[in-house]
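Me: I'm new to this one, and I'd like to know the reasoning behind the labels people put on it. Can you walk me through it?

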Amino acid sequence: MIIIMLGAQGTGKGTIAGLISKETNWPQISTGDIFRKNISEKTKLGIEANQYMEKGELVPDEITVPMVIERLNQEDAQQGAILDGFPRNYAQAQKLDEILAKAGKKVDLVINLSTPKEELIERMLTRRVCTNQDCKATYNIKLQPPKKEGICDKCGATLKQREDDSNAEAIHRRLEIYEQQTSPLVKYYEEKGVLRTQTVSTTINRMGKDVAQDIIKDIKNK
Ligand code: ADP
Ligand code: ZN
């Protein structure tokens, strides 16, 4: 089963994808995480991608698409995968449909997360990530703080703020690109009949883990 996580920055795509992945054993394929791992290892891909990421711009499709194809072709993704951060524009969505079709697959479910905009910016500013690239746990110093300040509960490594979360300009640019380029995909997948929209918001006390639980239940009942 191919699942896509759609939704603006700060809606909790990564958290929900991680919970579904743990339950199904399908890998969570986060393009942002793959780029960040490459940046920390100073690979050619990482150095190239970082020029765009630090400004909050999208990494060009010529770099991103082949990277995702290669990841989807790996053995552990053959039963299913949860794409977190891809596709982000129309060209990527079409390319994904094409490559899946060649393998006799398709996008089965698109989880579209919706959160009030004021909450999104707040969540990006209060997000902290584990510096251990094999762990990558995320926390929120207000909503979901670690037991010990600045330290990852899971692996003990230090937590830090993401470069693009600490820069107001990059935050605004990312949200702007989401509106312009990514949000049209809501309609694209709605027309294909695979869209499932879920609200995540503290105002209705519905958090990512609640959404994940509902979705996991549905997947298991299928
Ligand atoms: P966020 O959704 O909070 O921006 P991600 O970790 O998903 O965080 O992405 C971080 C950055 O990585 C993006 O701002 C962009 O530069 C790059 N990136 C991630 N996914 C893609 C993609 N599908 N296409 C182009 N760039 C991407
Ligand atoms: Zn950790």
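Reply: Happy to. Keep in mind that this is a predicted model. Let's begin with the zinc ion (ligand 2), whose donors follow the spacing C-x4-C-x16-C-x2-C along the chain.

Me: What makes those residues donors of the zinc ion (ligand 2)?

Reply: Distance does. An N, O or S atom counts as a donor here if it lies within 2.8 Å of the metal. The SG atoms of C130, C135, C152 and C155 lie 2.3 to 2.4 Å from the zinc ion, so they qualify as its protein donors.

Me: And why is the site of the zinc ion called tetrahedral?

Reply: With four donors, the label needs all angles to lie between 85 and 135 degrees. The angles among the four donor atoms of the zinc ion run from 96 to 114°, so the site is tetrahedral.

Me: How do you know whether C152 is buried or exposed?

Reply: Buried means under 20% relative accessible area. C152 has 3%, so C152 is buried.

Me: What about C155: why is that one called partly exposed?

Reply: The partly exposed class sits between the 20% limit for buried and the 50% limit for exposed. C155 has 34% relative accessibility, so it falls in that class.

Me: On to ligand 1. Which residues come nearest to it?

Reply: There are 19 residues around ligand 1, and T31, R36, E57, R88 and R174 come nearest. Helix 2 (residues 31–40) gives the most to this shell, with four residues. Sorted by class, the shell has five nonpolar, six polar and eight charged residues.

Me: What makes the pairing of R88 with ligand 1 a polar contact?

Reply: The cut-off is 3.5 Å between a pair of N or O atoms. A polar side-chain atom of R88 lies 2.4 Å from an oxygen atom of ligand 1, so the pair counts. R36 passes too, with a polar side-chain atom 2.8 Å from an oxygen atom of the ligand. Q92 adds a pair with a nitrogen atom of ligand 1, at 3.0 Å from an N or O atom in its side chain. As for cover, the protein takes up 97% of the 540 Å² of accessible area that ligand 1 has on its own.

Me: Where is T182, and what does its side chain reach?

Reply: T182 is found in helix 7 (residues 168–182). Its side chain reaches the backbone oxygen of R88 at 2.8 Å. T182 is also buried, because its relative accessible area is 5%, against a limit of 20%.

Me: Which bond joins F86 and P87?

Reply: A cis peptide bond, with omega at about -5°. Most peptide bonds are trans. P87 lies in the loop between strand 3 (81–84) and helix 5 (90–102).

Me: What is the phi of N25?

Reply: Phi of N25 is near 70°, a positive value in a residue other than glycine. K42 also has a positive phi, of about 55°, and is not a glycine. Most residues other than glycine have a negative phi. N25 lies in the loop between helix 1 (13–24) and strand 2 (28–30), while K42 is in the loop between helix 2 and helix 3 (44–53).

Me: Are N25 and K42 buried or exposed?

Reply: Exposed means over 50%. N25 has 66% relative accessibility and K42 has 65%, so both count as exposed.

Methods
Residues are numbered from 1 along each chain as its sequence is written. Chains are lettered from A and ligands numbered from 1 in the order in which they are written. This is a predicted model: local features need pLDDT of at least 70, side-chain atom pairs count only at pLDDT 80 or more; totals for chains, interfaces and linings use all residues. Side-chain values use heavy atoms; hydrogens and water are left out. A residue is near a molecule or strand if one of its heavy atoms lies within 4 Å of it. A polar contact is a pair of N or O atoms within 3.5 Å; within protein, one must be able to donate a hydrogen and the other to accept it, and residues adjacent in sequence count only if both atoms are side-chain atoms. Accessible areas come from the Shrake-Rupley method with a 1.4 Å probe; for residues, only the protein chains shown count as cover. Helices (H or I, at least four residues) and strands (E, at least two) are DSSP runs, numbered from the N terminus. Ala, Val, Leu, Ile, Met, Phe, Trp, Tyr, Cys and Pro count as nonpolar, Asp, Glu, Lys and Arg as charged, and the others, Gly among them, as polar. Donors are N, O and S atoms within 2.8 Å of the metal (3.2 Å for Na, K and Ca); water is not among the atoms, so sites may look incomplete. Four donors count as tetrahedral if all angles lie between 85 and 135 degrees; four count as square planar and six as octahedral if opposite donors are over 155 degrees apart and all others between 65 and 115; anything else is irregular. Buried means under 20% relative accessible area, exposed over 50%, partly exposed in between (1.4 Å probe, protein chains only).
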